[in-house]
Structure formats: C-alpha cells, structure tokens
Amino acid sequence: MLKRLLIFAGLIGTIVLLFKFCDFKKSDDSTSIDGAGLIQQQILNVGKLIVTEGHFSEVITYKNEEKYLMGIVSFDKKALVVVNADVTVAYDLHQMKYDIDEANKTISILYIPKEEIKISPDIKFYDVEQSKLNPFTGDDYNKINASVKASLAKKIQKSTLKSNAQNRLISELSQLLITTKNLGWVLKYDGKVIESNSELGKQIKL
C-alpha cells in the first residue's frame with residue numbers, strides 16, 4: 001500500500017513539474033513576442049514626417065539691356081527684387097525600410113529616405129524701369145525665379161537648417177535605439193551595430 005502511495009505521489013510530482021515547465025516556456029514565448037511587438041510599435045511611433053522650418057531673405061537687382069543699330073542704341077530694363085522665402089526640410093520616415101530578426105533579436109535599418117527640401121518664395125518687384133522696346137516679359141520672370149532659387153539653395157547649404165533637420169532625425173531614431181537596448185536587442189544600420197547616439201550620427205550620412 002505504501003509503495004503504491006509513493007508511486008502515486010511521484011506521478012503527481014512529475015505532472016506538477018511538467019505543468020510548471022510548460023508555463024515557463026509559455027512565459028518565455030510571450031516575452032519574445034512582446035519584445036518584437038514593442039519594437040514594431042516603436043518603429044510605428046518613429047514613422048512620422050519630421051519637418052524643420054527656416055526663413056531666408058534675398059535682395060537682387062535684375063538688369064537687362066537690348067541693343068540696336070550695331071550697339072549704338074540700347075534700351076534697358078531693371079528692377080529691385082525682394083525675396084522672402086519659407087523653406088522646409090522634411091524626412092518622411094513612413095518610407096523607412098527595416099528588417100526584424102526575432103531569432104537573433106536584431107533590427108536592421110535598410111533604408112532612410114533622403115531629405116525633401118521645399119522652397120516657397122514670395123517675390124516682390126520695386127523700382128521697375130522698362131521701355132516699350134524692352135519691356136518685362138515672362139522670360140524675365142522665369143530667369144528671376146531661377147536665379148532666386150539658385151541663390152536660396154546656396155544659402156540653405158551654408159546654413160544650419162539641414163544639419164538641424166538631421167539632428168532631429170537622429171533624435172527620433174535614438175528612441176528606437178533606446179527601446180532595442182532596453183529589450184536586449186541589437187540595432188544595425190548599413191550592416192553595422194549601433195551602440196550609441198554618437199555612432200548613430202556618424203553612420204547616418206544622407
């Protein structure tokens with residue numbers, strides 16, 4: 001009788017251990033799934049339109065001369081052009097491409113979109129001088145617009161607008177880095193492991 005009780009108790013103990021083992025495995029699996037889910041959610045949070053705004057001013061003197069009779073007679077036209085332009089630099093992180101490797105707990109950023117620069121100039125003309133033989137035409141306005149945009153593009157390159165926009169981009173991506181590190185995952189970009197914000201800034205060259 002005692003022998004049977006011992007066997008029965010042993011069976012009960014084995015069954016209890018099996019249930020505990022199964023619960024442990026389920027807990028492990030759910031942790032893994034939650035980790036991947038949190039990573040996915042953080043990517044969705046990062047996936048936004050980042051817009052950095054700036055304002056630029058420009059003053060241009062436009063001149064044009066039309067000559068007649070072998071250059072003996074000329075008719076000039078000129079104008080003072082005042083430009084106020086709103087400029088935006090945007091990163092659309094909805095277009096970011098990535099790969100999640102749950103087995104190795106690694107997320108790889110495969111593609112970050114280039115910045116989109118939008119220039120919205122407000123152009124006003126002052127002190128316009130022209131003649132009937134050399135009036136302002138649509139071609140003149142097209143040349144002025146092209147000159148304004150070229151000049152503004154140079155100003156934007158020399159300004160801190162683009163670097164400020166990139167700093168905002170890195171700041172957003174750093175949230176993803178924090179999440180991966182907290183969950184024991186690894187973040188990669190361009191095949192290289194990213195350990196810190198400074199490394200993120202060095203690796204992202206857009």
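Which residues does Thr180 touch, not counting residues up to four places away in sequence? I put this to a predicted model, and found that Thr180 touches Ile39, Ile107, Trp185 and Leu187.

**Thr180 and its helix.** I placed Thr180 in helix α3, which covers residues 161-182, and I noted that Thr180 counts as buried because its relative accessible area is 0%, where the cut-off is under 20%. I then looked along α3 for other buried residues and listed, among them, Leu169, Leu173, Leu176 and Leu177. The helix has 22 residues and reaches 32 Å from its first C-alpha to its last, close to the 32 Å expected at 1.5 Å a residue. Just after α3, I came to Gly184, which takes a positive phi of about 80°.

**The hairpin.** From Ile107, one of the residues that Thr180 touches, I turned to strand β4 (residues 106-111), which runs antiparallel to strand β3 (residues 97-101) and is joined to it by five bridges. Within this pairing, Ile107 in β4 is the bridge partner of Ile100. The two strands, β3 and β4, form a hairpin with four residues between them, and in the turn I noted Lys105, whose phi is positive at about 50°.

**The core.** Next I looked up the largest nonpolar core, which has 38 residues, and saw that Ile109, Leu169, Leu173, Leu176 and Leu187 are among those with the most contacts inside it. Both β4 and α3 are among the elements that each supply at least two residues of this core. Leaving aside neighbours within four places in sequence, I found Ile109 in contact with residues including Leu176 and Leu187; Leu187 is also touched by Thr180.

Key:
Residues numbered from 1 in each chain as written. Predicted model: local features only at pLDDT ≥ 70, side-chain atom pairs only at ≥ 80, totals over all residues. Heavy atoms only, no water. Buried < 20%, exposed > 50% of the residue type's maximum accessible area, 1.4 Å probe, protein only. Contact = heavy atoms within 4.5 Å. Pairing = 2+ DSSP bridges. Core = buried A, V, L, I, M, F, W, Y, C linked by side-chain atoms within 4.5 Å. Expected span 1.5 Å × (residues − 1).
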